[in-house]
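The following note is offered to a colleague beginning to read protein structures. Its points concern charged side chains and one helix, and each may be checked against the display.

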Amino acid sequence: MDDDPDILEALSEILEAEGFVIRRARNGKEALERLEPEPPHLILLDLMMPVMDGWEFAQRMRQRPTTHAEIPIIVLSADRNVGSKAQDIGAVGHLAKPFELNDLLNMVRRSLPSSSANTTSA
C-alpha cells in the first residue's frame with residue numbers, strides 16, 4: 001500500500017507483470033478493510049500515509065486473528081530510519097525509497113510463504 005498513486009500504480013503493474021495478484025490500498029484504513037475475505041500472502045507497506053499510517057496499520061493487523069498476525073510485511077519508505085521502524089513492526093524486510101526494482105522483486109519472492117500463490121498487497 002502506498003499513498004502516492006503513481007508509485008502504487010507502477011508497483012502494481014510491475015508485480016502483475018511478474019505474475020503476482022495485487023490488491024491495492026492508499027492508506028492503512030483501506031488496507032485493513034481489504035484483509036477480508038481472503039488475507040494476502042504478503043503486504044508491501046509504506047509507513048507514511050494519510051488517514052492511518054503504516055505503523056498503526058501493522059499494529060491493528062497484528063491484533064486480528066492469528067492468520068493476520070503471520071502475514072509477512074515488507075516496508076517501503078523514504079524514512080531515514082526505515083530499517084529500525086521495519087524491525088519495530090515485525091517486518092520481514094525493508095527497502096528505502098528510491099529502490100531498485102530487482103531488489104524489490106527478489107525480496108518479494110524470498111518473503112512469500114512457499115505454499116502461497118502469487119498474491120500480494122501493495
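1. A salt bridge is counted where a side-chain nitrogen of Lys or Arg lies within 4 Å of a carboxyl oxygen of Asp or Glu. The model discussed here is predicted. By the rule just given, eight salt bridges are counted.

2. Glu30 and Arg34 satisfy this rule, since their closest N and O atoms are 3.6 Å apart, and the cut-off is 4 Å. The two partners differ in their surroundings: Glu30 is buried because its relative accessibility of 13% falls under the limit of 20%. Arg34, by contrast, is partly exposed, with a relative accessible area of 39%. The pair does not stand alone, for Arg26, Glu30 and Arg34 are joined in a network of salt bridges.

3. A further salt bridge connects the side chains of Glu33 and Lys29, with an N to O distance of 3.6 Å. Both residues belong to helix α2 (residues 28-33), where they are four residues apart, about one turn of the helix. An α-helix has 3.6 residues a turn, so residues three or four places apart point the same way. Glu33 is exposed, at 52% relative accessible area, because the limit for that class is over 50%. Lys29, at 44%, is partly exposed.

4. Which parts of the chain does the salt bridge between Arg109 and Glu18 link? The side chains of Arg109 and Glu18 meet at 2.5 Å, N to O. Arg109 lies in helix α6 (residues 101-111), and Glu18 lies in the loop between α1 (5-17) and β1 (21-23). The two residues are 91 residues apart, so that the pair links distant parts of the chain. Arg109 is partly exposed, with 42% relative accessibility, and Glu18 is likewise partly exposed, with a relative accessible area of 36%.

5. Helix α6 deserves a separate remark. Its buried residues are Leu104, Leu105, Met107, Val108 and Ser111. These residues lie on the same side of α6, because they cover an arc of only 165 degrees around the axis. On the other side of α6, Asn102 and Arg110 are exposed.

6. Against which elements do the buried residues of α6 pack? Their partners are helix α1 and the strands β2 (43-45), β3 (73-77) and β4 (93-96). The reader may wish to trace these contacts in the display alongside the salt bridge of Arg109, which also belongs to α6.

Note on methods
Residues are numbered from 1 along each chain as its sequence is written. This is a predicted model: local features need pLDDT of at least 70, side-chain atom pairs count only at pLDDT 80 or more; totals for chains, interfaces and linings use all residues. Side-chain values use heavy atoms; hydrogens and water are left out. Buried means under 20% relative accessible area, exposed over 50%, partly exposed in between (1.4 Å probe, protein chains only). The arc is that of the directions from the helix axis to the C-beta atoms. Contact means heavy atoms within 4.5 Å.
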